[in-house]
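Q: Please take a close look at the salt bridges in this model, and set them against the parts of the structure in which they lie.

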Amino acid sequence: MKILKISGVLALLIGLASTSFAQKFITKNGHTSFYSEAPMENIEAHNKEVLSIIDFDSHEIVTTMLMNGFQFKKSLMQEHFNEKYVESDQYPKATFKGKFTPNDAIDLNKDGNYELAVTGDLTIHGVTKPIETKATIEVKNGVVIGKTNFNVKVKDFDITIPKVVVENIAETVLVTSDFTYSPYNN
Amino acid sequence: MKNFLKKYWIIPVLLIITLIGFSAYMYNKPRKNIINAGVKYKVSSKKLFADFESNENQANKRYLNQVIEVAGNVKEVSKNPQGDFIVVLDSDGGFGTVRGTLIKNQKIVIEEILPGDAITLKGICTGMLLDIILVDCYVMEKV
């Protein structure tokens, strides 16, 4: 039972354990980036340590990432992002938990491409909002590559941008994810 | 005062130029260079994992965003889809480990690091998912 203490994230992931392992895939090195075009300067950051589990039996997906893991080119931008906007010390993780509907029955035993309609709850900065998006799945040589992108409105997540810089920061950011999943054997 | 400024006009001009230069430097300053960065804590991978496992909030307060040196035994070396090396250190945590994403510039040949090797990683702790995550890692030494 020791592992149950590890974190709430693990408890969330174990929630998916009701189905056979053969249908579950995991990545601990998922890549999520965000980008926003703004009059003063475009803002871009990358996180390459995203944890995600996808269950092809129950059609569930759980993804979680550390806000401090987003890396910017400029040190000051990264500092402002963590300290002033998303308050990473107080809200260290962002999480998505949802379900997907594929356009066709997914066969994990042969290469193929699928489109998914994804719905679920996205939690950032301690605020949870429902989102709907499209995603693609590619099955290739036993691994599963999932890709998606969607827009997030900063104010939907109670992220306050100081008035001094409000005109220089876009209200909407484009979030892009690509995950290379391997079979989950644990 | 007028005479003073006439004679020493260069002083405020130099001050303004210095201020603008300093602001531009601070604004454009790249991320921390891990190789030269000062180390806040030195800890074993087992102790680091145990600290997070026993009290994640407290461990976050201590380690989050800090440059730390973590000593441990290598469990696995792999590459992420972007081509960065990942070194996984054992933690006795069953499910969880300490995972470090390495910077490109290393003095040690990463391909020569094998499971079971004792190494010390220097990196920035970003927190805990299933594993403890370190980014911008540099391999300090291989015993």
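A: Over all chains, this predicted model holds five salt bridges. One of them pairs A:K48 with B:D84, where the closest N and O atoms are 2.7 Å apart. This pair joins two chains, because A:K48 lies in strand β2 of chain A, whereas B:D84 lies in the loop between β2 (67-79) and β3 (85-93) of chain B. The two partners also fall into separate classes of exposure: A:K48, with a relative accessible area of 21%, is partly exposed, while B:D84 is buried, with a relative accessible area of 6%. The pair does not stand alone, since A:K48, B:D84 and B:K104 are linked in a network of salt bridges.

Another salt bridge is formed by B:E56 and A:K93, with 2.6 Å between the closest N and O atoms. This pair, too, crosses between chains, running from B:E56 in helix α4 (residues 56-63) of chain B to A:K93 in strand β4 (residues 93-102) of chain A. Here both partners, B:E56 and A:K93, are buried.

A further salt bridge is found within chain B, where the side chains of B:D51 and B:K47 meet at 2.9 Å, N to O. Both residues belong to helix α3 (residues 45-54) of chain B and are four residues apart, about one turn of the helix. An α-helix has 3.6 residues a turn, so residues three or four places apart point the same way. With a relative accessible area of 18%, B:D51 counts as buried, because the cut-off for that class is under 20%. Its partner B:K47 is partly exposed, with a relative accessible area of 42%.

Strand β2 of chain A, which carries A:K48, also takes part in the second largest pocket, a space of about 670 Å³. Of the 27 residues that line this pocket, the closest to its centre are A:Q71, A:F72, A:K73, B:R31 and B:D136. The elements that give two or more residues to the lining are β1 (24-36) and β2 (43-55) of chain A, together with β4 (96-102) and β6 (132-142) of chain B. Among the contributors, β2(A) provides the largest share, five residues. By residue class, the lining of the second largest pocket divides into 11 charged, eight polar and eight nonpolar residues.

Contacts between the chains are also made at B:T126, a residue in strand β5 (residues 118-128) of chain B. B:T126 is buried, with a relative accessible area of 2%. Leaving aside its neighbours within four places in sequence, B:T126 is in contact with A:L66, A:N68 and A:G69 from chain A, and with B:L64, B:I133 and B:V135 from chain B.

Chain A, which supplies the lysines A:K48 and A:K93 to the bridges described above, has two helices and eight strands. From the N terminus on, its elements run α-β-β-β-α-β-β-β-β-β. Of the 186 residues in chain A, 49% are buried, and the accessible surface of the chain comes to about 9,600 Å², with 51% of that area belonging to carbon and sulfur atoms. Among the contacts in chain A between residues at least 6 apart in sequence, 60% join residues at least 24 apart.

In helix α2 (residues 75-85) of chain A, the buried residues are A:S75, A:M77, A:Q78, A:F81, A:N82 and A:Y85. Just after this helix, A:E87 takes a positive phi of about 45 degrees. Most residues other than glycine have a negative phi. Two loop residues of chain A likewise deserve a note on their backbone. A:H59, which is not a glycine, has a positive phi of about 60 degrees; A:H59 lies in the loop between β2 and β3 (60-66) of chain A, and at 27% relative accessibility it counts as partly exposed. For A:N141, also a residue other than glycine, phi is positive and near 50 degrees. A:N141 belongs to the loop between β6 (127-140) and β7 (143-153) of chain A, and at 66% relative accessibility it counts as exposed.

Methods
Residues are numbered from 1 along each chain as its sequence is written. Chains are lettered from A and ligands numbered from 1 in the order in which they are written. This is a predicted model: local features need pLDDT of at least 70, side-chain atom pairs count only at pLDDT 80 or more; totals for chains, interfaces and linings use all residues. Side-chain values use heavy atoms; hydrogens and water are left out. On a 1 Å grid over the protein atoms alone, a cavity is a set of points where a 1.4 Å probe fits but cannot get out, and a pocket is an open set with protein on both sides within 12 Å along at least five of seven lines; lining residues have an atom within 4 Å of a point. Grid points are joined across faces, edges and corners, and a volume is the space filled by probe spheres set on the points. Ala, Val, Leu, Ile, Met, Phe, Trp, Tyr, Cys and Pro count as nonpolar, Asp, Glu, Lys and Arg as charged, and the others, Gly among them, as polar. A salt bridge is a side-chain nitrogen of Lys or Arg within 4 Å of a carboxyl oxygen of Asp or Glu. Buried means under 20% relative accessible area, exposed over 50%, partly exposed in between (1.4 Å probe, protein chains only). Contact means heavy atoms within 4.5 Å. Accessible areas come from the Shrake-Rupley method with a 1.4 Å probe; for residues, only the protein chains shown count as cover.
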